[in-house]
Amino acid sequence: MAGFGGGRLPAMGPAALLLFALCTVGTRGLYFHIGETEKRCFIEEIPDETMVIGNYRTQMWDKQKEVFLPSTPGLGMHVEVKDPDGKVVLSRQYGSEGRFTFTSHTPGDHQICLHSNSTRMALFAGGKLRVHLNIQVGEHANNYPEIAAKDKLTELQLRARQLLDQVEQIQKEQDYQRYREERFRLTSESTNQRVLWWSIAQTVILILTGIWQMRHLKSFFEAKKLV
């Protein structure tokens, strides 16, 4: 059971691996439930050189009150991020509530996985844990009030900074779309070539089969003195 603003969660696989495609750049919030040894993974399409910030907090199921309550400080969560090539970008242990940050260096689908490393959950929560996750991508990940205070920017300067970041993010998204289109074109060309060669091979096989059958029948009829 999980919640997501207007989205739909796909069915879990045999390994309890949840793949959720997040195709647009922005801010997303959701929650999901995991067991003691379960792992949840999310697919995030990220352009090149884009910062991603994830904030999460956990709640444990109280059997007596039958509600989710804030988790104990001893509960740990492990976060692992892999790029489209399968290389580990981030692998770190956090507490029951935390924040993780990484920057993409390869455009494409990044896998973000979370799982609990605590066996205490089985004793105190019956193995049931709710995780609230918020993912911010691109210029949405920037804390502009903090930037304004640090760099002593005026409201006009801060607005200009936001617009420049938005333009930069749009350019990254456009570059990523061109990258996807080029990859799709190459895949389509490769598929069309394979289909063409397979059709040619089928035609040649049919012709050879027909020739063999004609010769075989001719030999058969000659043997029976029918021709």
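Biologist: Which residues does the UniProt annotation "transmembrane region" cover, and what does the chain look like over residues 195-214?

Modeller: An annotation comes from a record, whereas the coordinates here belong to a predicted model, and it helps to read the one beside the other. In the unreviewed UniProt entry, the annotation "transmembrane region" covers residues 195-214. Over that stretch the model is 100% helix and 0% strand, with the C-alpha atoms at its two ends 29 Å apart.

Biologist: Which residues make the nonpolar surface patch of about 700 Å²?

Modeller: The patch is made by Leu 196, Trp 197, Ile 200, Val 204, Ile 207, Leu 208 and Ile 211. To take one of them, Val 204 is found in helix H3, which spans residues 155-223, and Val 204 is partly exposed because its relative accessible area is 41%, a value between the 20% and 50% cut-offs.

Biologist: How many helices and strands does the protein chain have, and what pattern do they follow along the sequence?

Modeller: There are three helices and eleven strands in the protein chain. Reading along the sequence gives the pattern β-β-β-β-β-β-β-β-β-β-α-β-α-α. Of the contacts between residues at least 6 apart in sequence, 68% join residues at least 24 apart.

Biologist: What share of the residues is buried, and which residues have the most contacts inside the largest nonpolar core?

Modeller: As a general idea, nonpolar side chains in soluble globular proteins tend to be buried together. In this model, buried residues make up 33% of the 227 residues in the protein chain. The largest nonpolar core has 23 residues, and Tyr 56, Val 79, Phe 100, Leu 114 and Leu 133 are those with the most contacts inside it. Among the elements that give two or more residues to this core are strand S5 (51-62), strand S7 (77-82), strand S9 (97-103) and strand S11 (129-137). The largest share, five residues, comes from S11.

Biologist: What is Val 79 in contact with, leaving aside its neighbours within four places in sequence?

Modeller: With those neighbours set aside, Val 79 is in contact with Tyr 56, Leu 90, Ser 91, Arg 92, Tyr 94, Phe 100, Cys 113 and Leu 114. Tyr 56, Phe 100 and Leu 114 also appear among the core residues with the most contacts.

Biologist: What of the outer surface, and how much area does the protein chain expose?

Modeller: The protein chain exposes about 14700 Å², of which carbon and sulfur atoms supply 56%.

Biologist: How many salt bridges does the structure hold, and is Arg 40 buried or exposed?

Modeller: The structure holds four salt bridges. In one of them Glu 38 pairs with Arg 40, and the closest N and O atoms are 3.4 Å apart. Arg 40 counts as buried because its relative accessibility is 4%, whereas Glu 38, with a relative accessible area of 23%, is partly exposed.

Biologist: Where do Arg 178 and Asp 175 lie, and which residues are linked in a network of salt bridges?

Modeller: Both Arg 178 and Asp 175 lie in helix H3, three residues apart, which is about one turn of the helix. Their side chains meet in a salt bridge at 2.3 Å, N to O. Arg 178 is partly exposed at 48% relative accessibility, and Asp 175 is partly exposed with a relative accessible area of 44%. The network links Glu 182, Arg 185 and Glu 189. Within this network, the closest N and O atoms of Arg 185 and Glu 182 are 2.5 Å apart. Arg 185 and Glu 182 are separated by about one helical turn because they are three residues apart in helix H3.

Key:
Residues numbered from 1 in each chain as written. Predicted model: local features only at pLDDT ≥ 70, side-chain atom pairs only at ≥ 80, totals over all residues. Heavy atoms only, no water. UniProt positions renumbered as here; feature names shortened; annotations may be inferred. Helix = DSSP H or I, 4+ residues; strand = E, 2+ residues; numbered from the N terminus. Core = buried A, V, L, I, M, F, W, Y, C linked by side-chain atoms within 4.5 Å. Buried < 20%, exposed > 50% of the residue type's maximum accessible area, 1.4 Å probe, protein only. Contact = heavy atoms within 4.5 Å. Areas by Shrake-Rupley, 256 points an atom, 1.4 Å probe, with all protein chains shown as cover. Patch = residues over 30% accessible without salt bridge, like charges linked within 9 Å, V, L, I, M, F, W, Y side chains within 5 Å.
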